[in-house]
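Me: I have a structure open and would like to learn how to read its cavities, pockets and packed helices. Could you take me through them?

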Amino acid sequence: MPEMLEIAGGSCHAYFIYDVADSIDLARLASVAGEGVSRAPLRLRREASSVSIEFETQPIVARLAPSDGFSIRLKIFDYGVVSVRVSTEYAGAWPTFLEFARRFRMDETIPSIAAAALARVLPEIEHALDEPHAALLEDFFVFEVNAFAGDVGGEALLADRAPDLARLMLCEERAITSSETLEALRVAFAYFDTDLAIVGWDTAFVYDDRESATATIDILEFANTQLVELRTYDKRLDAELDTIYALEPKRPTSRFGRRQAQDAADRLRYLIVDIAELTDRSSNALKITGDAYYARLYRGAAGRLGLKDWQKQIDSKLDTVDEMYRFFTDQAQVARSEFLEFVIIALIALELAVGIFSLRH
């Protein structure tokens with residue numbers, strides 16, 4: 001590997017992924033912000049892929065006018081997510097790229113550009129949103145190199161430039177410890193000797209030709225859309241549980257109490273069904289089977305993002321909601337039974353009173 005690396009072509013991408021609704025009817029979107037839209041299928045490298053990995057419903061993309069020298073691309077997913085990508089290109093020396101990427105990561109104007117793009121687009125696509133809600137945000141950054149000036153292998157780059165790559169992944173200006181370097185570079189993938197993908201919590205480094213790098217980044221983007229979806233469900237469950245915990249736990253002897261218990265049970269039943277449906281839609285949005293390269297890449301990204309941990313947390317809260325649903329259902333049933341018993345006793349007493357009155361007359 002040469003002493004001084006020169007990047008012939010590369011980019012820095014900031015992804016701002018917003019969960020804005022339960023679902024989005026993509027068929028109703030012919031244009032976004034005055035720009036035409038197109039479907040965005042996964043275009044995977046043939047040698048590393050199989051027919052078993054594809055979007056169930058292909059998202060749509062639109063490219064907006066540049067802002068402050070940054071290009072802007074929107075990708076809209078049918079399960080209620082809008083991904084705003086803000087990008088800039090780079091060519092030059094490797095050490096300069098490290099500083100360029102760090103400044104890009106820390107640039108406080110970039111989140112504002114993404115937020116402005118979303119604010120511009122949301123009113124236009126509002127008619128396609130089902131159950132819109134306040135946007136929840138997840139972001140991540142990708143540092144992409146498409147070619148070096150000379151021949152550079154992916155494995156050689158990882159071995160010889162590990163400290164630089166770790167600093168890049170962590171956006172650190174100073175050198176970091178060997179243990180942190182190992183952790184930062186722990187999840188790395190390569191198919192040919194000429195490519196490399198390193199996946200972190202909120203950053204990734206992708207070295208590949210433009211088309212193949214796009215496929216890798218698309219999968220990382222999808223994994224992050226799942227993360228923001230799971231965070232949305234978790235937040236919604238927390239809000240519902242807080243509301244339920246605030247209810248009086250006493251027996252609902254009054255009509256209002258019976259109605260309160262029944263309303264709580266109905267709301268929890270709807271929540272269980274709704275969350276299960278939404279979770280199923282997002283988790284099955286990308287059909288992944290087998291042990292192909294891209295499937296392993298997705299699983300590595302999902303592990304970095306802790307998607308299984310989020311899912312377990314949601315499942316645990318759903319179990320709690322299910323228990324509370326049964327509790328409130330039992331409360332309502334007991335209250336109805338007691339009310340019916342009271343009615344029966346009242347009718348018997350009334351019949352006895354009428355009988356006694358008839359005997360006296």
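Me: Let's start with the lining of the largest cavity. How many of its residues are nonpolar, polar and charged?

Reply: This is a predicted model, so keep that in mind as we go. The lining of the largest cavity has eight nonpolar residues, three polar ones and one charged one. Among the residues around this cavity are F140, W201, D202, L220, N224 and L305.

Me: Which elements give two or more residues to that lining?

Reply: There are three to look for: β12 (203-207), α6 (210-245) and α8 (293-305). Of the elements, α6 gives the most, with three residues. The space inside comes to about 60 Å³.

Me: How many cavities of 30 Å³ or more are there?

Reply: The count is two. The second largest cavity holds about 50 Å³ of space. Its lining includes R45, F189, D195, D208, T216 and Y293. Try colouring β11 (196-199), β12 and α8, since each of them supplies at least two residues here. By class, this second lining has seven nonpolar residues, one polar and three charged.

Me: Now the pocket. How much space lies in the largest one, and which residues are closest to its centre?

Reply: The largest pocket has about 500 Å³ of space. It is lined by 24 residues, and the closest to its centre are R63, R73, R85, T214 and D218.

Me: What classes of residue make up that lining?

Reply: Here you will find 11 charged residues, seven polar and six nonpolar. Several strands take part: β1 (6-24), β4 (38-39), β6 (60-67), β7 (70-77) and β8 (81-93) each supply at least two residues, as does α6. The largest share comes from α6, with six residues.

Me: I keep meeting α6 and α8. How should I describe two helices that pack together?

Reply: Two packed helices are described by the angle between their axes and by the distance between those axes. For α6 and α8, the axes come within 9 Å and cross at roughly 40°. That angle makes α6 oblique to α8, because it falls outside the ranges that count as roughly parallel (under 35 degrees), roughly perpendicular (65 to 115) or roughly antiparallel (over 145). The crossing of this pair is right-handed.

Me: Which residues make the contact between α6 and α8?

Reply: On the α6 side, look for A215, T216, I219, L220, F222, A223, N224, Q226 and L227. They meet Y294, L297, Y298, A301 and L305 of α8. By class, this contact has 11 nonpolar residues, three polar and no charged ones. You may recognise some names: L220, A223, N224, A301 and L305 are also among the residues lining the largest cavity, and T216 and Y294 are among those lining the second largest cavity.

Me: Can we practise on another pair? At what angle do α1 and α4 pack?

Reply: Helix α1 (residues 94-106) and helix α4 (residues 162-170) pack at an angle of about 20°, and their axes are 9 Å apart. An angle under 35 degrees counts as roughly parallel, so α1 is roughly parallel to α4. The way α1 passes α4 is a left-handed crossing.

Me: What are the residues in that contact, and how do they divide by class?

Reply: From α1 come W94, F97, L98 and A101, which meet D164, L165, R167 and L168 in α4. They divide into six nonpolar residues, no polar ones and two charged ones.

Terms used: Residues numbered from 1 in each chain as written. Predicted model: local features only at pLDDT ≥ 70, side-chain atom pairs only at ≥ 80, totals over all residues. Heavy atoms only, no water. 1 Å grid on protein atoms, 1.4 Å probe; cavity = no way out; pocket = protein on both sides within 12 Å on 5 of 7 lines; lining within 4 Å. Points joined across faces, edges and corners; volume = space filled by probe spheres on them. Helix = DSSP H or I, 4+ residues; strand = E, 2+ residues; numbered from the N terminus. Nonpolar A, V, L, I, M, F, W, Y, C, P; charged D, E, K, R; others polar. Axes fitted to C-alpha atoms, helices over the stretch in contact; angles between N-to-C directions. Left-handed = near helix turned anticlockwise from the far one by under 90°. Contact = heavy atoms within 4.5 Å.
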